[in-house]
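User: I'm new to this one. Can you walk me through it?

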Amino acid sequence: MSNPLLRRKQFALEILHPNISTIPKKEVKARLAKMYKLNNTNTIVLFGFKVLFGGGRTKGFGLIYNNVEAVKKFEKKYRLIREGLITKTTKPGRRATKELKNRRKKVRGTAKTKVSGGKKK
Amino acid sequence: MAALEVLESDLPSAVTLLKNLQEQVMAITAQVQSLTQKVQAGAYPTEKGLSFLEVKDQLLLMYLMDLTHLILDKASGGSLQGHDGVLRLVEIRTVLEKLRPLDQKLKYQIDKLVKTAVTGSLSENDPLRFKPHPSNMMSKLSSEDEEEDEVEDGQSEASGKKSVKGVSKKYVPPRLVPVHYDETEAEREKKRLERAKRRALSSSVIRELKEQYSDAPEEIRDARHPHVTRQSQEDQHRINYEESMMVRLSVSKREKGRRKRADVMSSQLHSLTHFSDISALTGGTSHLDEDQNPIKKRKKIPKKGRKKKGFRRRR
């Protein structure tokens, strides 16, 4: 089903693989690229794969975007990290942000930006 | 000579006929004149009537006029050969013939209208009374509603709807009235028995008995699944939702437990030997199978800090 608002094609996917274990996503992406005649697989996003009871069948969802910009714009951050299009930005921890905020409270005005984090002995 | 005799015998009857004719013509003229006077005075208004009937009236009048014209011509000795009136008559006659089936179709409606006009109101069993009236769906809240009193065993009175100011209809949510809970133990028992009876009636045992003794032909239905349980229906519903929304829903512990129980139940050969309970119909006491509903013994171990998550028990 095509979703032009989000510039992608979205579908539910069922894979039949009797007598073998679940097929890794990379292989599935390669197959899909061949089916839809794409050059590379960076516009394909797969998720939600579950093996059905008894084995041999897997159900999941897939999205094929029109281009990489559309992927970066519309796709969820955790999926982009999974694909490898974005690296995870580790923010300072919860405690650290709270301490920084409290230190900032003691200062007024533009000096707030000068307050740096970390314990200084 | 024979012609003269015929003429002589015919003469008195002809004279009487002519006299009759004269009288009748006079009577008819008088009637027609009174009718025309009435019509000109406007005693028969036809604006709001059926136009079909009006067309018929006009056609019949035209027919009569042409006919009288022809009679006049013939009586004054002219011949009707190639007379224009004949053609007109034929045309009007064909149109009237074509209108006759329409008349048949409208007969019911016209009869009803006439009856309404005569009696002034519709009869009680008139199905027209039950036709939908969309005007009844418009809220008549502009007029004040009187308060409804619902006093039942000392329960608080119901609140009437407040009258809405003017035309702007602000949505007033309905104030649901708490109904007094009056169910005694006996009534609860009765309800339970009712439900058990209904369930027993639709159990497989009774159904097979019915099939055996009824005269109706045996129906073999291509059912989706003979052992469709509530759990499988819920699973199907979940699967449909997941596939249409393209999300994966998380399964809580309780759901997992239920699913496991349903699987265990269906994988055993339980349904082969255990039939549903029809004691509600036979009158005996209901015997619940031990392995169906095992009585769980709950261990009472007071845990530290249990009070916090007081109401979120995990069974």
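Analyst: We'll go through the chain contact, then the strands, then the salt bridges. Keep in mind that this is a predicted model.

User: How many residues does each chain give to the contact?

Analyst: Chain A gives 10 residues and chain B gives 6 residues.

User: And what area is buried between chain A and chain B?

Analyst: About 680 Å². Carbon and sulfur atoms give 62% of that. On the side of chain A, A:Lys50, A:Lys59 and A:Phe61 lose the most area to chain B. Together they make up 64% of what that side buries.

User: How many salt bridges are there between chain A and chain B?

Analyst: The count is 1. It joins the side chains of A:Lys59 and B:Glu243, at 3.2 Å from N to O. There are also 3 residue pairs in polar contact across the interface.

User: Which elements give two or more residues to the side of chain A that touches chain B?

Analyst: β2 (8–16), β3 (44–51) and β4 (57–65) of chain A. The largest share comes from β4(A), with 5 residues. By class, that side of chain A has 4 nonpolar, 4 polar and 2 charged residues.

User: Switching to the strands. In what sense do β2(A) and β4(A) pair?

Analyst: Antiparallel, over 9 bridges. One of the partners there is A:Gln10 in β2(A), which is bridged to A:Leu63 in β4(A). β2(A) also pairs with β1(A), residues 2–3, in the antiparallel sense over 2 bridges. There, A:Ser2 stands opposite A:Lys9.

User: What sits between β1(A) and β2(A) in the hairpin?

Analyst: 4 residues. In that hairpin, A:Arg7 takes a positive phi near 55 degrees.

User: Back to salt bridges. How many over all chains?

Analyst: The whole structure has 16. One of them joins A:Lys29 and A:Glu83, with the closest N and O atoms 2.7 Å apart.

User: What does that pair tie together?

Analyst: A:Lys29 lies in helix α1 (residues 25–36) of chain A and A:Glu83 in helix α3 (residues 77–83) of chain A, so the bridge ties together parts 54 residues apart in sequence.

User: Is A:Lys29 buried or exposed?

Analyst: Buried, because its relative accessibility is 13% and the cut-off is under 20%. A:Glu83 is partly exposed, at 25%.

User: Where do B:Glu97 and B:Arg100 lie?

Analyst: Both are in helix α3 (residues 84–119) of chain B, 3 residues apart, about one turn of the helix. They form a salt bridge, with the closest N and O atoms 3.0 Å apart. B:Glu97 is partly exposed, at 38% relative accessible area.

Definitions and conventions:
Residues are numbered from 1 along each chain as its sequence is written. Chains are lettered from A and ligands numbered from 1 in the order in which they are written. This is a predicted model: local features need pLDDT of at least 70, side-chain atom pairs count only at pLDDT 80 or more; totals for chains, interfaces and linings use all residues. Side-chain values use heavy atoms; hydrogens and water are left out. Contact means heavy atoms within 4.5 Å. Buried area is the accessible area (1.4 Å probe) that two parts lose on being put together, summed over both. A salt bridge is a side-chain nitrogen of Lys or Arg within 4 Å of a carboxyl oxygen of Asp or Glu. A polar contact is a pair of N or O atoms within 3.5 Å; within protein, one must be able to donate a hydrogen and the other to accept it, and residues adjacent in sequence count only if both atoms are side-chain atoms. Ala, Val, Leu, Ile, Met, Phe, Trp, Tyr, Cys and Pro count as nonpolar, Asp, Glu, Lys and Arg as charged, and the others, Gly among them, as polar. Two strands pair if DSSP finds at least two bridges between them. Buried means under 20% relative accessible area, exposed over 50%, partly exposed in between (1.4 Å probe, protein chains only).
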